[in-house]
Amino acid sequence: MASTPRFIQIHREDSAALRHELAAGLLAQPAMVSPKFLYDALGSRLFDAITELPEYYPTRTERAIFDAHAAAMAAQAGTGRTLIDLGAGSCEKAARLFGVMQPARYVAVDISVDYLRQALDSLQRQHPHIEMLGVGADFSSSLALPPEVGTGERLLFYPGSSIGNFTPVSALRLLRQVRSVGGAGGALLIGVDLVKDKAVLERAYDDPLQVTAAFNLNLLRRLSALLGCDARIEDFSHVALFNQADSRIEMHLQARRAVTLRWPGGERRLAQGERIHTENSYKYTVEGFDRLLREAGFTRTACWTDEQRWFAVFLAS
Ligand SMILES: C[S@@+](CC[C@H](N)C(=O)[O-])C[C@H]1O[C@@H](n2cnc3c(N)ncnc32)[C@H](O)[C@@H]1O
């Protein structure tokens, strides 16, 4: 077997389309930037640090659900599939399932290309007998996989409640694409964060060590690197709040003083206290997410939760 996995790079950070998307978001009222821009090699490492925080319950709660129920999930999903990890990050969650899921092939997809390459190289060394493929792609507007993924039966894996970064309408569109990419006999294993006490939610996205603040503020470095924008980290502070009406945590960067962001071809003035909206993280009920899966065309669903019903893992086919 190969000692280095194949890597196909579809996503390019230097594309004009990406710069245009970023500039359009900064010029919008209110200013809004997709959370996908939070992830470069440093953003991915900061996210990994967030998952170690005691306040950030999603990772350890989801891990406990997998530890308790992975065998039942594998029995229902079937083993020997092509395991396709969407937004794979460190690939750590999928790797923990290799033992029970026995994937014939592992495909890791992520926008954070450099970080994914490193993670996958290291994983391939640990599991030389599993064929691995890396795909550097941005699936925010459409999910398309290269033919190299092959024709084996597919299990799509979308943990970490990353689906919560999409509005319910966009989440429905993505789930429909997942179903279509899964093909006949395909299945989806997906982690979903559930509605809970506001204080627990807000602490998870605004930790006292300020790791999440650093993760959010890293976006300003991205604006400089991608757009040539003169954003200064010291001009902004991190804000995380639970918007009860929309059932979502929102992250913002709030101007500490009046700021003008300038980049080649544009500028955006922000008054003191004005915000750039950087991330949504929608929180679902089990019933609400089950409905969304069915609306997306999945007909059979199973669900596992923790005792507190803080987090859910769904298997849909
Ligand atoms: C919340 S993290 C989850 C990481 C890991 N799967 C986990 O559960 O811990 C979201 C991951 O999705 C990736 N990502 C975010 N937006 C993306 C996009 N539009 N296309 C591809 N990957 C994306 C990020 O780089 C990051 O690795």
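Student: How many cavities of 30 Å³ or more does the structure hold?

Tutor: Rolling a probe the size of a water molecule over the atoms shows where empty space is left. On a 1 Å grid over the protein atoms alone, a cavity is a set of points where a 1.4 Å probe fits but cannot get out. Here there is one of 30 Å³ or more. Keep in mind that this is a predicted model: local features need pLDDT of at least 70, side-chain atom pairs count only at pLDDT 80 or more, and totals for chains, interfaces and linings use all residues. Residues are numbered from 1 along each chain as its sequence is written, and side-chain values use heavy atoms, leaving out hydrogens and water.

Student: What volume does the largest cavity have, and which residues line the largest cavity?

Tutor: Its volume, meaning the space filled by probe spheres set on grid points joined across faces, edges and corners, is about 40 Å³. Lining residues have an atom within 4 Å of a point, and here they are H11, E13, L18, K36, F37, I111 and R222. That makes three nonpolar, one polar and three charged residues. Ala, Val, Leu, Ile, Met, Phe, Trp, Tyr, Cys and Pro count as nonpolar, Asp, Glu, Lys and Arg as charged, and the others, Gly among them, as polar.

Student: And pockets? Which residues lie nearest the centre of the second largest pocket?

Tutor: A pocket is an open set of points with protein on both sides within 12 Å along at least five of seven lines. The second largest one fills about 190 Å³. Of its 13 lining residues, E13, D40, A41, D114 and R222 lie nearest the centre. You've already met E13 and R222 in the lining of the largest cavity. The pocket lining splits into four nonpolar, three polar and six charged residues.

Student: Which helix gives the most to the lining of the second largest pocket?

Tutor: Helices (H or I, at least four residues) and strands (E, at least two) are DSSP runs, numbered from the N terminus. Helix 5 (113-126) and helix 8 (211-227) each supply at least two lining residues, and helix 8 gives the most, with three.

Student: Now the ligand. Which residues are closest to the ligand?

Tutor: A residue counts as near if one of its heavy atoms lies within 4 Å of the molecule. There are 17 around the ligand, and G87, K93, D110, D138 and F139 are the closest. By class, this shell has seven nonpolar, six polar and four charged residues. Next, look for polar contacts, pairs of N or O atoms within 3.5 Å. A polar backbone atom of G87 sits 2.7 Å from a ligand nitrogen. Ligand oxygen atoms take part too: one is 2.7 Å from a polar side-chain atom of K93, and one is 2.5 Å from a polar side-chain atom of D110. On its own the ligand exposes 590 Å², of which the protein buries 91%; such areas use the Shrake-Rupley method with a 1.4 Å probe.

Student: What about the backbone: which residues does a cis peptide bond join?

Tutor: Q29 and P30, with omega of about -5 degrees. P30 is in the loop between helix 1 and strand 2, and A28 belongs to that loop, between helix 1 (16-27) and strand 2 (31-32).

Student: Where does S161 lie, and is S161 buried or exposed?

Tutor: S161 is in the loop between strand 6 (154-158) and helix 6 (168-182). Its relative accessible area is 6%, so it is buried (buried is under 20%, exposed over 50%, partly exposed in between). S161 also has a positive phi, near 55 degrees, though it isn't glycine.

Key: A polar contact is a pair of N or O atoms within 3.5 Å; within protein, one must be able to donate a hydrogen and the other to accept it, and residues adjacent in sequence count only if both atoms are side-chain atoms. Buried means under 20% relative accessible area, exposed over 50%, partly exposed in between (1.4 Å probe, protein chains only).
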